[in-house]
Amino acid sequence: MEVSPYGLESLWSQGDFVTKGVAVLLVAMSIASWYVIATKALQLMQYRRAARAAGHEFWDATSLTEGTATLGNGNPFADIAEAGVTAMRHHEAHKGHLHDQLSVSDWITLSLRQAIDETSAKLQSGMAVLASVGSTAPFVGLFGTVWGIYHALVAIGTSGQASIDKVAGPVGEALIMTALGLAVAIPATFGYNALVRGNKSVIAKMNKFGFDLHALFVTGSRANDTNTPGASGAKLVAVGGA
């Protein structure tokens, strides 16, 4: 079967090590970006389900232990709740020490904020890959195009033939590199923007959950509902468990 002189196979077979290196780099960038998009999208879906459970099932429980159990292991909101419980128990168990100069409210705030920041960092890990691919892939493809056109013009000048049939093939093959760069960059950019929006929504829910937990530990009830069933009992469990 004859290989088309205007296709990708011709570009690969006739290209030098720079052209092939650029093509391999673009393929690697595409694989990396799609891997990040797929894994982060699945993680985002899990976090959204966890946020729904934390917004309803957790607060329907009669104690923090029961509420955390309803969230299940590996739930980021359960980790935030555990951080609050640990901070409360630590403060109660070490009264009279130097760190007791820090109020229970400030101590719990710091612990919850650290847990939320750690969870947010896990949620946003890998986003730099998408940002890098989206911003650099077009230029990588453009470099391949410039390099290919340069060699095409050198070949044309050497042969002394500049007819359209001699120019169209090499230049068209070089322009394929630009198209490949855009094909890699566009999904990475769209994926990055979509994941950023989703991450912001989940992080906002984590902050709201942490705020309600802080109110529960300090006042005995959620900030937006002073009659939350089991709220005072949850605080007693947290303190009494020390």
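This is a short dialogue on reading features of a predicted model.

User: Where should I start? Which residues have the most contacts inside the largest nonpolar core?

Analyst: A nonpolar core is a set of buried nonpolar residues joined through their side chains. Here the largest one has 46 residues. Leu-26, Phe-58, Phe-77, Ile-80, Phe-209 and Leu-213 have the most contacts inside it.

User: Which helices supply at least two residues of this core?

Analyst: They are α2 (17-55), α3 (57-60), α4 (64-71), α5 (76-93), α6 (104-124), α7 (127-159) and α8 (164-219). Helix α2 gives the most, with 13 residues.

User: Take one core residue. What does Phe-209 touch?

Analyst: Set aside residues up to four places away in sequence. Then Phe-209 touches Ala-54, Phe-58, Trp-59, Phe-77, Ile-80 and Ala-81. Phe-58, Phe-77 and Ile-80 are also among the core residues with the most contacts.

User: Now a polar residue. Is Thr-119 buried or exposed?

Analyst: Buried means under 20% relative accessible area. Thr-119, in helix α6, has 6% relative accessibility, so Thr-119 counts as buried. Beyond its neighbours within four places in sequence, Thr-119 is in contact with Tyr-47, Pro-76, Ile-80 and Met-206.

User: How do I read the record? Which residues does the "transmembrane region" annotation cover?

Analyst: Such annotations may be inferred rather than shown by experiment. The unreviewed UniProt entry gives residues 17-38, 128-154 and 174-196. Set the model beside it. Residues 17-38 are 100% helix and 0% strand, with end C-alpha atoms 31 Å apart. Residues 128-154 are also 100% helix and 0% strand, and there the end C-alpha atoms are 39 Å apart.

User: How do I spot residues that meet in space but sit far along the chain? What does Ile-37 touch?

Analyst: Compare sequence separation with C-alpha distance. Ile-37, in helix α2, is 151 residues from Ala-188 along the chain, yet their C-alpha atoms are separated by 7.7 Å. Ile-37 touches Leu-130, Pro-187, Ala-188, Gly-191 and Leu-195, not counting residues up to four places away. Its relative accessible area is 14%, so Ile-37 is buried.

User: What about nonpolar side chains on the surface? Which residues form a nonpolar patch?

Analyst: Patch members have over 30% relative accessible area. Phe-139, Leu-142 and Val-146 form one, with about 310 Å² of accessible area together. Leu-142 lies in helix α7. At 43% relative accessible area, Leu-142 is partly exposed.

User: And charge pairs? How many salt bridges does the whole structure have?

Analyst: The criterion is a Lys or Arg side-chain nitrogen within 4 Å of an Asp or Glu carboxyl oxygen. The search finds 2. In one, Asp-117 pairs with Arg-113, the closest N and O atoms being 3.5 Å apart. In the other, Asp-212 meets Lys-208 at 2.7 Å, N to O.

User: How are the partners spaced in their helices?

Analyst: Asp-117 and Arg-113 are 4 residues apart in helix α6, so about one helical turn separates them. Asp-212 and Lys-208 are also 4 residues apart, about one turn, in helix α8.

User: Is Asp-212 buried or exposed?

Analyst: Buried, because its relative accessibility is 2%. Its partner Lys-208 is partly exposed at 37%. In the α6 pair, Asp-117 is partly exposed at 41%. Arg-113 is partly exposed as well, at 38%.

Conventions:
Residues are numbered from 1 along each chain as its sequence is written. This is a predicted model: local features need pLDDT of at least 70, side-chain atom pairs count only at pLDDT 80 or more; totals for chains, interfaces and linings use all residues. Side-chain values use heavy atoms; hydrogens and water are left out. A nonpolar core is a set of buried Ala, Val, Leu, Ile, Met, Phe, Trp, Tyr and Cys residues joined through side-chain atoms within 4.5 Å. Buried means under 20% relative accessible area, exposed over 50%, partly exposed in between (1.4 Å probe, protein chains only). Contact means heavy atoms within 4.5 Å. Patches are made of residues with over 30% relative accessible area and no salt bridge: like charges are joined within 9 Å, nonpolar side chains (Val, Leu, Ile, Met, Phe, Trp, Tyr) within 5 Å. Accessible areas come from the Shrake-Rupley method with a 1.4 Å probe; for residues, only the protein chains shown count as cover.
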